[in-house]
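Student: Before we discuss this model, could we go through the terms used to describe it and test each one against its criterion?

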Amino acid sequence: MGTPFLLLPGAGGRAWYWHRLVPELERRGHRAVAVDLPADDDAAGLADYAAVATAALDDLGADGDTVVVGQSMGGLTAPLVAARRPVRLLVLLNAMVPRPGETGGDWWDAVGQAAARAELAREQGRPEDGDVEADFSHDVPPEVWAAGAEHAGDQSGTPFGEPWPLAAWPDVPTRVLAGRDDRFFPLALQRRVARERLDLEVDEVPGGHLCALSRPDALAGALDAIVAQTSPRHAGGT
């Protein structure tokens, strides 16, 4: 039946972000559930995000075989799911990689995101203080980007103000995927953060920060290759 995927979006929390990737995964024989997170709820913190994501595992009925994919801010939530329920694999996609006790708000300065974004802009001959929206949309088909306006949501600051609650990264196989054309979290930044915080190397995929919208076919191929390299993990053991 293929591998079940739980897909967690970034800021704004909309499952729509994955709508081009899901059919590509299904075409390769996998199953996928994309999750709406409570991004616009100021009362919802990281525990609430984790509860919503974990509940979605029941829709997959996977008994520990699920691959949890966290995009961007979803990197704060994905490991919380793995700490609550057995999963096969964590995949961080252009994701924030938190340290225990660090808030999401502190993460940006701690990893030097603004400096890395400005440095890449200089290298590419773009304004250092360029439009963030352009950094997201530069490689997304215009019609897809326009359609996304209907699905855009607000992102509460509540989860960014909370210390990341785990004492350590969960004991689950983890892979880091980074878009080689990501302008928001540049590839060099993601490589450094993955090494420093997880002692992992990055697997490059085509596309920018929103590569599930811009290059869903290539991303699905990369995810398909990763699961072929990992063994299923079932409840009660590996």
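Tutor: Let us begin with empty space: on a 1 Å grid over the protein atoms alone, a pocket is an open set of points with protein on both sides within 12 Å along at least five of seven lines, a cavity is a set where a 1.4 Å probe fits but cannot get out, and lining residues have an atom within 4 Å of a point. Grid points are joined across faces, edges and corners, and a volume is the space filled by probe spheres set on the points. By that reckoning the largest pocket holds about 610 Å³. This is a predicted model, in which local features need pLDDT of at least 70 and side-chain atom pairs count only at pLDDT 80 or more, while totals for chains, interfaces and linings use all residues. Residues are numbered from 1 along each chain as its sequence is written, and side-chain values use heavy atoms, with hydrogens and water left out.

Student: What lines the largest pocket, and which residues lie nearest its centre?

Tutor: Its lining comprises 28 residues, with Ala11, Gly12, Phe136, Trp145 and Leu210 nearest the centre. Helix H7 (residues 142–148) supplies the largest share, three residues.

Student: How many cavities of 30 Å³ or more does the structure hold, and what lines the largest?

Tutor: There is one of that size, and the largest cavity contains about 60 Å³ of space. Among its lining residues are Leu92, Trp107, Phe185 and Gln190, and helix H8 (residues 187–198) gives the most, three residues.

Student: Why is Arg88 called buried?

Tutor: Buried means under 20% relative accessible area, exposed over 50% and partly exposed in between, with a 1.4 Å probe and protein chains only. Arg88 has a relative accessible area of 7%, and is therefore buried. Arg88 sits in the loop between helix H3 (78–84) and strand S4 (89–93).

Student: What makes the approach of Val227 to Arg88 a polar contact?

Tutor: The term requires a pair of N or O atoms within 3.5 Å, where within protein one must be able to donate a hydrogen and the other to accept it, and residues adjacent in sequence count only if both atoms are side-chain atoms. Here the backbone oxygen of Val227 lies 2.8 Å from a polar atom of the Arg88 side chain.

Student: How do you know that S3 and S4 pair?

Tutor: Two strands pair if DSSP finds at least two bridges between them, and S3 and S4 share five, in the parallel sense. Gln71 of S3, for one, has Leu93 in S4 as its bridge partner.

Terms used
Helices (H or I, at least four residues) and strands (E, at least two) are DSSP runs, numbered from the N terminus.
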